[in-house]
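Hello,

Here is the structure I promised to pass on to you. Please open it alongside this email, and then read on for what turned up in it.

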Amino acid sequence: IPYFPYSKHIHLFFAQLNFLLKPERRSIGELSPIDFNDESLEQFGVSSLKDLGWEQIMDAYACIMCFRCQEVCPAYNTGNVLSPAALEINKRYLLNTTPSNKITDILEIRLVDNIIDEEAIWACTACGACVDICPVGNEPMQDIIDIRRSLILMENNFPEQWQMAFKGMERTTNPWNIPSTERMEWAKGLQIRTIAENPNPEYLWWVGCAPATDARSQNSTRAFAKILNHAGIDYAILGELESCTGDSARRAGNEYLFYELAVSNIGLFDQIKPQTIITTCPHCLHTIMNEYPAYGGHYQVMHHSQLISELLLNGRLNLSTDAAGDVFTFHDPCYLGRQNEIINEPRLAVQQTGARLIEMQNNGKKSFCCGACGAQIWKEEEHGNKTVNDARFAEIQATNADNLAVGCPFCNLMLRDAAKNANSEINILDIAEIVAAQIED
């Protein structure tokens, strides 16, 4: 038998095909949709080798076994059993070592426990670091989400702690299980108009579940409202009409729940016809901008840090110089920096207050996950030697900065927990809070 087809050097051929033939994605985190209207579909997600797409098989042969994906994986780096590299290598090994007369049997073998441990499937944060670092364009994160889809949709198998988040999204359209009638509680006493009161605004502010319902996140929400009002921005919010984008459901693998939420939101957007949608959550940004188009929802979307930096550059915010001398470090959210390459704007916003910015070891597109991605925020992590948020917080402490700037409500919550674990008194603030505190009335 010739050596070359069975060696890792076969990547010299398949890596080229990976770059030439793979479908283009708006972001490395954009997931492939499932057509639930296709009545011929009998398998949702991936259970065995035969369920994998051609590009997922090609990944196995494009892999050069450099283990870079493993080296940047937050789950692997905190002692979990997940190795993105092992996933690709095991696929190829199984195919290469199977006699040709047995290949049909091998294609039926369940991937979980034969190619990847079930514990590893649930440990993935879906941060995209493995996809970003791969020199040959492999996408192990896509495989893991597809396997999650099969486990949930075909076997009703998923971590029990996700049940509450799923029920919340089904019954109250948000994972916090907060009734829609309470979604405007954060706005009491503020001059904020809903879409019913201002039906054709320049900006539709998609507040998001955490900023609207979580007590700590509401501080940054009110701060952003202060910025918009001070700058005289023409905006409106959906109020009680707003629901979850479905991001957590999709990353968990509950694709049908995501589909229901996405179709409902797209129907609402198409009625409103927003000019530009602003989000305060990178996960909302990513989902509306990169994943709703697959279902017919095409919208102009921007993160609040982008609008804030634009307002600062255009001189529409009058800031004091009280922050001069403050030292910040900025944590890049995975779905802001790595997934959507929004890196400079949040830094510019911090620096425009006069504060000094110190970079962490892993920053920008190479940022280390806070541990919330991939619906991990709704459950305990799989067993490891430390938690992902604690590992990231150690990098924050290494900068010796007194203040931490964040641009994501999930990151805010996870890193606050890590600060408590480390008995740290570092001041953690959203970009909007930093800027709003310096506004001169």
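Below is a short tour, going from the sheet to the helices, then to the salt bridges and one loop residue. Please keep in mind that this is a predicted model.

**The sheet**

A good place to begin is the open sheet of 4 strands, which are arranged in the order 6-5-7-8 with parallel pairing. Its edges are strand 6 (356-358) and strand 8 (427-430), each of which pairs on one side only. From one strand to the next, the twist averages 35 degrees.

Strand 7 (residues 403-406) is worth following in both directions. With strand 5 (residues 327-330) it runs parallel, and 3 bridges join the two. Among the partners, Phe328 is matched with Asn403, and Thr329 with Leu404. With strand 8, strand 7 again pairs in the parallel sense, this time over 4 bridges, and here Asn403 stands opposite Asn427.

Is strand 7 covered or open on its two faces? Both faces are covered: Asn403 and Ala405 are buried on one side, and Leu404 and Val406 are buried on the other. This fits a general pattern: in a regular strand, side chains alternate between the two faces of the sheet.

**Two helices**

Helix 19 (residues 409-421) lies across strand 7 and strand 8, and runs at about 180 degrees to strand 8. Together, strand 7, helix 19 and strand 8 make a right-handed β-α-β unit.

Helix 9 (residues 140-155) has 16 residues and reaches 22 Å from its first C-alpha to its last, close to the 22 Å expected. Because 13 of its 16 residues are buried, helix 9 is largely enclosed by the rest of the structure. Just after this helix comes Asn156, with a positive phi of about 55 degrees.

**Salt bridges**

The count of salt bridges comes to 25. Here are a few to look up:

- Glu88 and Lys91 form a salt bridge, with their closest N and O atoms 3.0 Å apart. Both residues lie in helix 5, 3 residues apart, or about one turn of the helix. In an α-helix there are 3.6 residues a turn, so residues three or four places apart point the same way. Glu88 and Lys91 are both buried.
- Lys365 and Glu341 meet through their side chains at 3.3 Å, N to O. Lys365 is in the loop between strand 6 and helix 18 (388-398), and Glu341 is in the loop between strand 5 and helix 17 (344-351), so this pair ties together parts that are 24 residues apart in sequence. Lys365 is partly exposed at 29% relative accessibility, while Glu341 is exposed at 54%.
- Glu359 and Arg347 form a salt bridge whose closest N and O atoms are 2.6 Å apart. Glu359 lies in the loop between strand 6 and helix 18 and Arg347 in helix 17, so the pair ties together parts that are 12 residues apart in sequence. Glu359 is partly exposed, with a relative accessible area of 35%, whereas Arg347 is buried, at 7%.

There is also a network of salt bridges that links Asp146, Arg149, Asp247, Arg250, Arg251, Glu255 and Glu291.

**A loop residue**

Lastly, have a look at Asn80, in the loop between helix 4 (74-77) and helix 5 (84-96). Which category does Asn80 fall into, buried or exposed? Its relative accessible area is 7%, and the cut-off for buried is under 20%, so Asn80 is buried. Leaving out residues up to four places away in sequence, Asn80 touches Ala75, Glu119, Ala123, Glu381, Glu382, His383 and Gly384.

Enjoy exploring!

How values were computed
Residues are numbered from 1 along each chain as its sequence is written. This is a predicted model: local features need pLDDT of at least 70, side-chain atom pairs count only at pLDDT 80 or more; totals for chains, interfaces and linings use all residues. Side-chain values use heavy atoms; hydrogens and water are left out. Buried means under 20% relative accessible area, exposed over 50%, partly exposed in between (1.4 Å probe, protein chains only). Contact means heavy atoms within 4.5 Å. Two strands pair if DSSP finds at least two bridges between them. Axes are lines fitted to C-alpha atoms, for helices over the stretch in contact, and angles run from 0 to 180 degrees between N-to-C directions. The expected span of a helix is 1.5 Å times one less than its number of residues. A crossover is right-handed if, with the strands pointing away from the viewer, the path from the first strand over the helix to the second runs clockwise. A salt bridge is a side-chain nitrogen of Lys or Arg within 4 Å of a carboxyl oxygen of Asp or Glu.
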